[in-house]
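Hi,

Here is the structure I promised to pass on. Have a look at it first, and then read on for my notes.

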Amino acid sequence: MSKRLFDLAAALAGLIVLAPLLAAIAAWIRIDSPGPAWFRQQRVGRDGVLFEIIKFRTMRVAGADTAQLTVGADARITRAGQFLRRSKLDELPQLINVLLGSMSLVGPRPEVPRYVACYPPEVRAIVLSVAPGITDWASIHYKDENALLGSSADPERAYLETILPAKLAWNVRYVRERSFWTDLRIIFSTLAALAR
């Protein structure tokens, strides 16, 4: 209950304080390329329940709907999208998901159904036992995931065989060690990582 109250208060405060920035980013996206400012995609949430994640659109409309794995200098990424992805500002609209209760500020990052189907059953049960989050330990350790995949000869295989298992290990660790203080550590570690 205290985690949910913290999520609600922080998400609401964040949306109010960041409203001018969010409006400016949305306008920039619309000016930069045709299409909506928002990108919605189906993800797997707590207990396997599907929900729509909300992000700023960083790809051309023709490619955004099919994007499940983004690799290196993907030609689908717009000029505005390059900056938004690098700075992680494209994730800010997920504060709306937090308000709606489909996400938390901190928790395992939600995956698309295609990759959740690859989770080992025992790991799936643990990772999906909590609400997914905007940030987690795996997000910090793999903040350059896009570049890592871009340097691989087979990005899909590299993701499934190397990156995804490592991220799941971090997720399992989070679920087993989670606490209010752990969440605060992750939030401050995320801000520090973004500032570097």
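Let me start with a pairing that is easy to find: Gln42 has Glu52 as its bridge partner in S2. The helices and strands I name are DSSP runs (H or I over at least four residues for helices, E over at least two for strands), numbered from the N terminus.

Before going further, a word on what you are looking at. This is a predicted model, so local features need pLDDT of at least 70 and side-chain atom pairs count only at pLDDT 80 or more, while totals for chains, interfaces and linings use all residues. Residues are numbered from 1 along each chain as its sequence is written, and side-chain values use heavy atoms, with hydrogens and water left out.

Back to the hairpin. Strand S1 (residues 38–44) and strand S2 (residues 50–56) run antiparallel and are joined by 7 bridges; two strands pair if DSSP finds at least two bridges between them. Gln41 is another residue to look at here, standing opposite Ile53 in S2. There are 5 residues between the strands of this hairpin, and Asp47 takes a positive phi near 60°. How much of S2 is buried? It is 5 of the 7 residues, so S2 is largely enclosed by the rest of the structure. (Buried means under 20% relative accessible area, exposed over 50%, and partly exposed in between, with a 1.4 Å probe and protein chains only.)

S2 also leads into the charged pairs. The whole structure has 9 salt bridges, where a salt bridge is a side-chain nitrogen of Lys or Arg within 4 Å of a carboxyl oxygen of Asp or Glu. Which residues form a network of them? Lys55, Glu91 and Arg109 are linked that way. The side chains of Lys55 and Glu91 meet at 3.6 Å, N to O. That pair links distant parts of the chain, with Lys55 in strand S2 and Glu91 in the loop between H3 and helix H4 (94–100), 36 residues apart. The other link in the network is the salt bridge between Arg109 and Glu91, at 3.3 Å, N to O. Here too distant parts of the chain are linked: Arg109 is in the loop between strand S3 (104–106) and helix H5 (113–116), 18 residues apart from Glu91. As for cover, Lys55 and Glu91 are both buried. Glu91 counts as buried because its relative accessibility is 17%, and Arg109 counts as buried because its value is 16%.

Another salt bridge to look up is the one between the side chains of Arg79 and Asp32 (3.1 Å, N to O). Arg79 sits in helix H3 (residues 79–87) and Asp32 in helix H1, 47 residues apart, so this pair also links distant parts of the chain. Is each partner buried or exposed? Arg79 is exposed, with a relative accessible area of 61%, whereas Asp32 counts as buried at 15%.

Next, Thr58, which you will find in the loop between S2 and helix H2 (61–64). Thr58 counts as buried, since its relative accessibility is 6%. Leaving out residues up to four places away in sequence, Thr58 touches Arg76, Ile77, Thr78, Gly81, Leu84, Arg85 and Asp90; contact means heavy atoms within 4.5 Å. Ile29 is 29 residues from Thr58 in sequence, and their C-alpha atoms are 7.8 Å apart.

Over in helix H10 (residues 180–195) you will find Thr190. Thr190 is buried, with a relative accessible area of 15%. Apart from neighbours within four places in sequence, Thr190 is in contact with Thr135 and Ile140. With Thr135 there is a side-chain to side-chain polar contact at 2.7 Å. (A polar contact is a pair of N or O atoms within 3.5 Å; within protein, one must be able to donate a hydrogen and the other to accept it, and residues adjacent in sequence count only if both atoms are side-chain atoms.) Ala192 is in H10 as well, but Ala192 counts as partly exposed at 37% relative accessibility. Ala192 and Thr58 are 134 residues apart in sequence and 23 Å apart, C-alpha to C-alpha.

Finally, the outside. Ile16, in helix H1 (residues 2–32), counts as exposed at 58% relative accessibility.

Cheers
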